[in-house]
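Trainee: Please take a close look at the pockets, above all the largest pocket. What is its volume, and which residues and elements line it?

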Amino acid sequence: MPERSAFVLRIRPDRVEEYRAAHAEVWPEMLDALRGAGIRNYSIFLEGNRAFGYFEADDLEAAAAYLERQEVSARWQDAMAGLLEERVPDGGPPSLPEIFRLD
């Protein structure tokens, strides 16, 4: 069974459109890194200046470790840092605790 991860990020209110535009054209090498990490079924939803993300992987710890080793992940997080209220670690954002699951 795949592991699930969800997160919430706060975008600087004056940078929401830039955040949206960046995610409309994610760098191909960043997409390759996410796939290489085993991440799939990845979606980000936007409400005001809050972004809610969800993705799955067979091993979330291994996926985070893989992304931390990818130079493109650090470059992406650096590029997003100015748009967010708080920079995301290179291995990805901290996960929200799962409190309910219906399979």
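Mentor: What follows describes the largest pocket and then the second largest pocket. This is a predicted model, in which local features need pLDDT of at least 70 and side-chain atom pairs count only at pLDDT 80 or more, while totals for chains, interfaces and linings use all residues. Residues are numbered from 1 along each chain as its sequence is written, and side-chain values use heavy atoms, with hydrogens and water left out.

A pocket here is an open set of points on a 1 Å grid over the protein atoms alone, where a 1.4 Å probe fits, with protein on both sides within 12 Å along at least five of seven lines; lining residues have an atom within 4 Å of a point. Volume is the space filled by probe spheres set on the points, which are joined across faces, edges and corners.

The largest pocket has a volume of about 680 Å³. Its lining comprises 35 residues, of which Phe7, His23, Leu34, Tyr42 and Ile44 are the closest to the centre. At least two lining residues come from each of β1 (3-10), α1 (16-24), α2 (28-36), β2 (40-47), α3 (60-68) and α4 (71-81); helices (H or I, at least four residues) and strands (E, at least two) are DSSP runs numbered from the N terminus. β2 gives the largest share, seven residues. By class, 22 lining residues are nonpolar (Ala, Val, Leu, Ile, Met, Phe, Trp, Tyr, Cys, Pro), four are charged (Asp, Glu, Lys, Arg) and nine are polar (the others, Gly among them).

The second largest pocket holds about 170 Å³ of space. Val8, Leu9 and Arg10 are among its lining residues, as are Pro93 and Pro94.
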